[in-house]
Amino acid sequence: RHRAAAFLAVCWSVLALAWVLVGFSLGTHDPMDAPAHALGVTHERPSNWVGAAGAALSHRALLVLGPGVWVAFAAVGFWLAATAAGRRPDQLALRAVGVVLMTLAASGLVSVGHASFSATAPLTPEGPGGLLGLFLQDELAPRFAGLGSLLILSVVFWVGAVLAADR
């Protein structure tokens, strides 16, 4: 019993450390750090606080998930805080589905919103919502236009928030 508790404490500590490193990686993301692909010559040395590994992690996370990655990051942080306070969130699979829906919707909202209301072209080929947001925009906007797509994604985000909430 004592070993199991010690093992869970070690696992929690490792996850908390990974969460902090991911936070520093995302928070100090510089689109000019390698492996940048669309903005020209990259920095010789990465300016990311976690170094080349942090630059690669943040680049890929933002490339694929777009700003929705921050929703998932915050959800893991809330889970870590809740477990540190002694709470055991129930129905973890249901909560995870809610976080996934919120992550999808956040990236889609940014992508569709930029395409609908911005007069400027995106800085990168995948646009401000990442590849996930671009996919959602490409699927929703031709069928529901900008406003309809934003309403659908807003409802998906809200449903995800209801599922992710723990009392």
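A residue counts as buried when its relative accessible area is under 20%, as exposed when it is over 50%, and as partly exposed in between. The model described here is predicted.

**Overall layout**

The chain holds 5 helices and 0 strands, so that from the N terminus on its elements read α-α-α-α-α. The C-alpha trace spans about 60 × 45 × 15 Å along its principal axes. Of the 167 residues in the chain, 31% are buried. Among contacts in the chain with a separation of 6 or more, 67% join residues that are 24 or more positions apart.

**Two helices, α1 and α5**

Helix α1 reaches 37 Å from its first C-alpha to its last, close to the 38 Å expected at 1.5 Å a residue. Helix α5 departs from a straight course: its end C-alpha atoms are only 23 Å apart, short of the 51 Å that a straight helix would reach. A kink of about 115 degrees is present in α5, and alanine 145 is at its centre.

| Helix | Residues in helix | End-to-end C-alpha distance | Expected at 1.5 Å a residue |
|---|---|---|---|
| α1 | 26 residues | 37 Å | 38 Å |
| α5 | 35 residues | 23 Å | 51 Å |

The buried residues of α1 are Ala16, Gly23, Ser25 and Leu26. Their cover includes α2 and α3. In α5 the buried residues are Gly130, Leu132, Gly133, Leu136, Gln137, Leu140, Gly146, Ser149, Leu150, Leu153 and Gly160. Here the cover includes α2 and α4.

**The largest pocket**

Rolling a probe the size of a water molecule over the atoms shows where empty space is left. In this model the largest pocket encloses about 570 Å³ of space. It is lined by 24 residues, and those closest to its centre are Ala75, Val76, Phe78, Trp79 and Val99. At least two lining residues come from each of α1 (2-27), α2 (51-65), α3 (69-84) and α4 (92-117). Helix α3 gives the largest share of the lining, 10 residues. By residue class, the lining of the largest pocket has 21 nonpolar residues, no polar ones and 3 charged ones.

**Two acidic residues**

Glutamate 139 belongs to helix α5. Is glutamate 139 buried, exposed or partly exposed? Its relative accessible area is 36%, so glutamate 139 is partly exposed, since that class covers values in between 20% and 50%. Glutamate 139 and leucine 26 are 113 residues apart along the chain, and their C-alpha atoms are separated by 27 Å. Leucine 26 is itself one of the buried residues of α1.

Aspartate 33 sits in the loop between α1 and α2. Its relative accessible area is 3% and therefore aspartate 33 is buried, the cut-off being under 20%. Which residues does aspartate 33 contact, leaving aside its neighbours within four places in sequence? They are Thr42, His43, Arg45, Pro46, Ser47, Asn48 and Ala55. Of these, Ala55 falls within α2, which runs over residues 51-65. Aspartate 33 and aspartate 90 are 57 residues apart along the chain, with 40 Å between their C-alpha atoms.

Notes:
Residues numbered from 1 in each chain as written. Predicted model: local features only at pLDDT ≥ 70, side-chain atom pairs only at ≥ 80, totals over all residues. Heavy atoms only, no water. 1 Å grid on protein atoms, 1.4 Å probe; cavity = no way out; pocket = protein on both sides within 12 Å on 5 of 7 lines; lining within 4 Å. Points joined across faces, edges and corners; volume = space filled by probe spheres on them. Helix = DSSP H or I, 4+ residues; strand = E, 2+ residues; numbered from the N terminus. Nonpolar A, V, L, I, M, F, W, Y, C, P; charged D, E, K, R; others polar. Expected span 1.5 Å × (residues − 1). Bend = angle between axes of the 7 residues up to and from the residue. Buried < 20%, exposed > 50% of the residue type's maximum accessible area, 1.4 Å probe, protein only. Contact = heavy atoms within 4.5 Å.
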